[in-house]
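These are my notebook entries on one structure, written down in the order in which I looked things up. I began with the ligand and went on to the empty spaces and the backbone.

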Amino acid sequence: MTQTTRRLMTLKSDPGVTLIDAVPAADLAEGEVVLALDRFSLTTNNITYAAYGDAIGYWKVFPTGRDDHGLMPVWGFADVVGSRAEGVAVGARVFGYFPMAETLTVQAEKVSSGGFADAAPWRKAVPDIYNRYVLCAADANYAAELENAEAIFRPLFITSYTAVDFLRDHDFFGAKQVVVSSASSKTAYGSAHCLVEDEVRLIGLTGARNRAFVEGLGAYDAVYGYDEVEMLKTGVPTLYLDLAGDPGLRRRVHAHFGADLKYDCLVGSTQSDDFTGDDPDLVGPRPVFFFAATCLDSHRQRGTLRAFYDRFFADQRAFFERVVDPASPWIRIVEHQGLEAAAKVVRDLADGRADAAEGAVVRLRA
Ligand SMILES: NC(=O)c1ccc[n+]([C@@H]2O[C@H](COP(=O)([O-])OP(=O)(O)OC[C@H]3O[C@@H](n4cnc5c(N)ncnc54)[C@H](OP(=O)(O)O)[C@@H]3O)[C@@H](O)[C@H]2O)c1
């Protein structure tokens with residue numbers, strides 16, 4: 001009997017619309033590895049991968065053979081269930097970037113004691129960091145009990161952390177307060193967590209629905225609603241850390257702070273599908289898109305990547321432990337079973353209905 005693998009595809013023109021199908025699994029060629037996806041996270045970041053699927057190339061990473069549907073990438077843990085690659089053993093557990101599919105066959109290259117990369121030519125569409133699979137057994141920072149937190153926060157916290165590094169390296173562009181939009185997003189409060197000891201006042205901006213959640217985090221010095229932008233204190237050099245990417249909100253923030261706005265760091269676009277920030281009517285500095293992968297590439301070029309990772313992993317572990325601290329967790333992690341359940345989570349995220357107080361993890365293996 002031919003083996004098949006089920007997968008959840010996304011309609012490229014509407015990331016909330018999904019379709020499950022099954023494709024035959026090919027025989028394993030020399031150098032290939034089959035990864036069975038066990039656990040992955042779903043957050044707005046994944047919806048952004050789909051929204052920018054063409055612009056940034058995410059649709060190319062896991063080809064479907066169809067023009068209308070793509071495989072929306074997710075981050076998670078998988079088990080090696082087949083291997084014809086030297087140095088990659090069946091039974092090993094890995095962390096990495098996957099399509100929402102029961103299995104993924106990769107062409108292992110750059111095999112080392114720490115992991116391997118997928119050499120498939122279509123994966124060159126995205127930076128190196130997206131194509132590496134880390135062997136959990138060789139990862140000194142791996143903890144089985146933190147897998148859910150890691151699946152959710154690892155791809156986001158690297159952005160939270162590198163964005164803060166970047167701003168710190170530039171002395172916050174002279175700013176004394178940082179206004180953070182979509183303050184309820186995990187990437188936003190990851191940054192807030194990193195900024196706790198910096199001498200900047202942190203202001204979270206959020207929607208009415210998520211305000212109580214954001215206030216409850218205690219990660220910001222003050223929390224305001226989107227309808228209260230014009231009440232924010234002026235006369236202070238200010239930096240905008242923009243996770244919402246909402247052009248209307250950006251215009252109001254820029255107009256309100258005027259010459260006091262020193263820098264606009266565009267990190268996310270939870271409420272827009274435009275990441276350029278181009279707007280001829282905008283007052284003040286042009287938004288500058290921040291991309292974590294570029295920061296890591298720069299560390300690699302300067303030979304500082306290892307030193308960066310040493311401090312990053314220690315700080316990340318502390319952050320994971322904080323967000324799931326049983327005494328006062330920042331979020332509840334909810335496990336969903338199967339691709340059908342994943343389709344519902346995707347729909348809610350795309351519609352902006354997901355509960356900020358929950359972190360969604362999908363399990364595929366029994
Ligand atoms: N540049 C990079 O390298 C990089 C890397 C990682 C993530 N990101 C970006 O960071 C952003 C946050 O991702 P995340 O995974 O951390 O988000 P998340 O935890 O899922 O939080 C999403 C938040 O965004 C707002 N939101 C989401 N969908 C919305 C909708 N349809 N309408 C209105 N508001 C909506 C809500 O916050 P509020 O009510 O508070 O607005 C919501 O709580 C994404 O755009 C992601 O792509 C960028």
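**Entry on the ligand**

I started with the residues around the ligand in this predicted model, and I noted that the shell takes at least three residues from each of two domains, namely domain 1 (4-139 + 331-363) and domain 2 (155-293). I then asked which residues come nearest among the 30 around the ligand. I wrote down T43, S184, T187, T206 and Y226 as the nearest of them.

Next I looked up polar contacts to oxygen atoms of the ligand, and for Y226 I found a polar side-chain atom 2.5 Å from such an oxygen. In the side chain of N210, an N or O atom is 2.9 Å from an oxygen atom of the ligand, while S269 uses a backbone N or O atom, which lies 2.8 Å from a ligand oxygen. I also looked up how much of the ligand is covered, and I noted that it has 940 Å² of accessible area on its own, of which the protein covers 86%.

For the elements of the shell, I listed α1, α3 and α4 (186-194) as those that give two or more residues, and I marked α1 as the one that gives the most, with 3 residues. I then counted by class and entered 17 polar, 11 nonpolar and 2 charged residues for the shell around the ligand.

**Entry on the cavities**

I reminded myself that rolling a probe the size of a water molecule over the atoms shows where empty space is left. How many cavities of 30 Å³ or more are there? The count comes to 2.

The largest cavity has a volume of about 50 Å³, and I read off its lining as D139, N141, L146, E150, R154, F313, Q316, R317 and F320. Two elements, α3 (147-169) and α8 (305-323), give two or more residues to this lining, and α8 gives the most, with 4 residues. By class I entered 4 charged, 3 nonpolar and 2 polar residues for the lining of the largest cavity.

For the second largest cavity I noted about 40 Å³ of space, and the residues that line it are S41, T43, N45, N46, W75, A151, I152, P155 and L156. I recognised T43 in this list from my ligand entry, where T43 is one of the residues that come nearest to the ligand. At least two residues of this lining come from α1 (44-51), and at least two from α3, with α3 supplying the largest share, 4 residues. I asked myself what the classes are in the lining of the second largest cavity, and the answer I wrote down is 5 nonpolar, 4 polar and no charged residues.

**Entry on a pocket**

I then turned to the second largest pocket, which holds about 710 Å³ of space. Its lining has 28 residues, and I noted T5, A25, T103, L104 and T105 as those that lie nearest its centre. Strands β1 (4-11), β2 (14-24), β3 (32-42) and β7 each supply at least two residues of this lining, and the largest share, 5 residues, comes from β7. When I sorted the lining of this pocket by class, I entered 16 nonpolar, 6 polar and 6 charged residues.

**Entry on the backbone**

Before checking phi values, I wrote down that most residues other than glycine have a negative phi. I then asked where K110 is found, and I placed K110 in strand β7 (residues 103-112), where this residue, although not a glycine, has a positive phi of about 50 degrees. I noted again that β7 also gives the largest share of the lining of the second largest pocket.

My last check was on F173, another residue that is not glycine, and its phi is positive too, near 55 degrees. I located F173 in the loop between α3 and β10 (177-180).

Terms used: Residues are numbered from 1 along each chain as its sequence is written. This is a predicted model: local features need pLDDT of at least 70, side-chain atom pairs count only at pLDDT 80 or more; totals for chains, interfaces and linings use all residues. Side-chain values use heavy atoms; hydrogens and water are left out. On a 1 Å grid over the protein atoms alone, a cavity is a set of points where a 1.4 Å probe fits but cannot get out, and a pocket is an open set with protein on both sides within 12 Å along at least five of seven lines; lining residues have an atom within 4 Å of a point. Grid points are joined across faces, edges and corners, and a volume is the space filled by probe spheres set on the points. Ala, Val, Leu, Ile, Met, Phe, Trp, Tyr, Cys and Pro count as nonpolar, Asp, Glu, Lys and Arg as charged, and the others, Gly among them, as polar. A residue is near a molecule or strand if one of its heavy atoms lies within 4 Å of it. A polar contact is a pair of N or O atoms within 3.5 Å; within protein, one must be able to donate a hydrogen and the other to accept it, and residues adjacent in sequence count only if both atoms are side-chain atoms. Accessible areas come from the Shrake-Rupley method with a 1.4 Å probe; for residues, only the protein chains shown count as cover. Domain bounds come from an automatic or database domain assignment.
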